[in-house]
Amino acid sequence: MANLNKTQLIGNLTRDPELRHTPKGTAISEIGIAISRVWKDDSGNKQEETTFVDVTLWGRQAELAQQYMSKGSSVYIEGRLAVDTWDDKESGKKRSKLKIIGENMQFLGAKNDGNRDPNHGGMSREESSARARLPRQPASQPVTADDADDEIPF
C-alpha cells in the first residue's frame, strides 16, 4: 500500500517566530501562517476563507525564520502533517491538533527597507550570497532515542 504525507502551503505569518532550543541545543521555531482562499459564489459575490495553520521548524530553518521573518511575512512551506496530542489540564481528556512539520521553507515577497532585496528573501544581497554558501542543513531533524528524553520547553 502506497503512502504519501506531503503538504505545500503559501501564506503570511500570523505572529513573529518564536525560537527555542531543546536541552541538547537543537533550535525549534513555532510559526503560525494564515492561508486565504478567494472565490465568487453563485451570485457573483466575492467570498474569502482563511485557514490558520501551525508550523514547526527545526535546526537552521528555525534560526533563519526567527532571524529574517516577522508577522505578516509571506512564506512558502513544504512539509508533512503531524498530530500533536496532550492531556487537557482542566478536563483531563486527551486533546489533539493537526500541524505541519516544515521540511523546506522559502521566504517570499519581503518588504524592501532600502538595504534589503525583496528578490533575496528580505536579506541584503551580501546575506543572501553568504547564505547560499552555507553547507546544506537537513530540512528537519528526526527524533532519535536520545531526543525522546528531551522535554520541549513550551
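How many helices and how many strands are there in the chain? Colour by secondary structure and count along: three helices and six strands. Keep in mind that this is a predicted model. Trace the chain from the N terminus and the elements come up in the order β-β-β-β-α-β-β-α-α. Of the 154 residues, 32% count as buried. If you have a contact map to hand, look away from the diagonal: among contacts with a separation of 6 or more, 57% are between residues 24 or more positions apart.

**Stop 1: start with β1**

Select residues 7–13, which is strand β1. Now add β5, residues 74–87: the two pair in the antiparallel sense, over six bridges. To see one of those pairings, pick glutamine 8 and look across to its bridge partner in β5, glutamate 78.

β1 also pairs with β3, residues 27–40, again antiparallel, but here with two bridges. Leucine 13 is the residue to click, and its bridge partner in β3 is isoleucine 33. Remember isoleucine 33, as it comes back at the core stop.

**Stop 2: two hairpins around β3**

Next, show residues 18–21, strand β2, together with β3; four bridges join them, and they run antiparallel. Glutamate 18 has glutamate 30 as its bridge partner in β3. The two strands make a hairpin with five residues between them, and in the turn you will find glycine 25, with a positive phi of about 95°.

Carry on along β3 into β4, which is residues 46–58. These two pair in the antiparallel sense over 13 bridges. One pairing to select is isoleucine 28 with tryptophan 58 in β4. This is a hairpin too, with five residues between the strands, and glycine 44 in the turn has a positive phi of about 85°.

While you are on β3, show the side chains of arginine 37 and tryptophan 39. The charged end of the arginine sits over the ring of tryptophan 39, 4.0 Å from its centre. And if you go hunting for aromatic pairs, a search of the whole structure finds one.

**Stop 3: β5, β6 and the link to β4**

Select β5 and β6, the latter being residues 94–108. They run antiparallel and are joined by 14 bridges. Alanine 82 and lysine 99 in β6 are bridge partners here. The hairpin has six residues between its strands, with glycine 92 in the turn at a positive phi of about 80°.

Now bring β4 back. β4 and β6 pair in the parallel sense, over two bridges. Threonine 56 stands opposite isoleucine 101 in β6.

**Stop 4: arginine 80**

Stay with β5 and zoom in on arginine 80. Is this residue buried or exposed? Arginine 80 is partly exposed, because its relative accessible area of 30% falls between the 20% and 50% cut-offs.

Show what surrounds arginine 80: leaving out residues up to four places away in sequence, it touches Asn5, Thr7, Lys99, Ile100, Ile101 and Glu103. With glutamate 103 there is a side-chain polar contact of 3.0 Å. Then put a distance label on the C-alpha atoms of arginine 80 and glycine 102: they are 22 residues apart along the chain, with a separation of 6.7 Å.

**Stop 5: the core**

Which residues touch the most other members of the largest nonpolar core? Select Ile33, Val55, Leu57, Ile77 and Met105, out of 18 residues in this core. The elements giving two or more residues to the core are β1, β3, β4, α1 (59–68), β5 and β6. β3 provides the largest share, four residues. As a general backdrop, nonpolar side chains in soluble globular proteins tend to be buried together.

Finish on valine 55. Hide its neighbours within four places in sequence, and its contacts are Ser29, Glu30, Ile31, Ile33, Ile77, Ile100 and Gly102. Among them, Ile33 and Ile77 are also on that list of core residues touching the most other members.

Technical notes:
Residues are numbered from 1 along each chain as its sequence is written. This is a predicted model: local features need pLDDT of at least 70, side-chain atom pairs count only at pLDDT 80 or more; totals for chains, interfaces and linings use all residues. Side-chain values use heavy atoms; hydrogens and water are left out. Two strands pair if DSSP finds at least two bridges between them. A nonpolar core is a set of buried Ala, Val, Leu, Ile, Met, Phe, Trp, Tyr and Cys residues joined through side-chain atoms within 4.5 Å. Buried means under 20% relative accessible area, exposed over 50%, partly exposed in between (1.4 Å probe, protein chains only). Contact means heavy atoms within 4.5 Å. A polar contact is a pair of N or O atoms within 3.5 Å; within protein, one must be able to donate a hydrogen and the other to accept it, and residues adjacent in sequence count only if both atoms are side-chain atoms. Rings of Phe, Tyr and Trp (its six-membered ring) pair if their centres lie within 6.5 Å; planes under 30 degrees apart count as stacked, over 60 as edge-to-face and the rest as tilted. A charge sits over a ring if NZ of Lys or CZ of Arg is within 6 Å of the ring centre and within 35 degrees of the ring normal.
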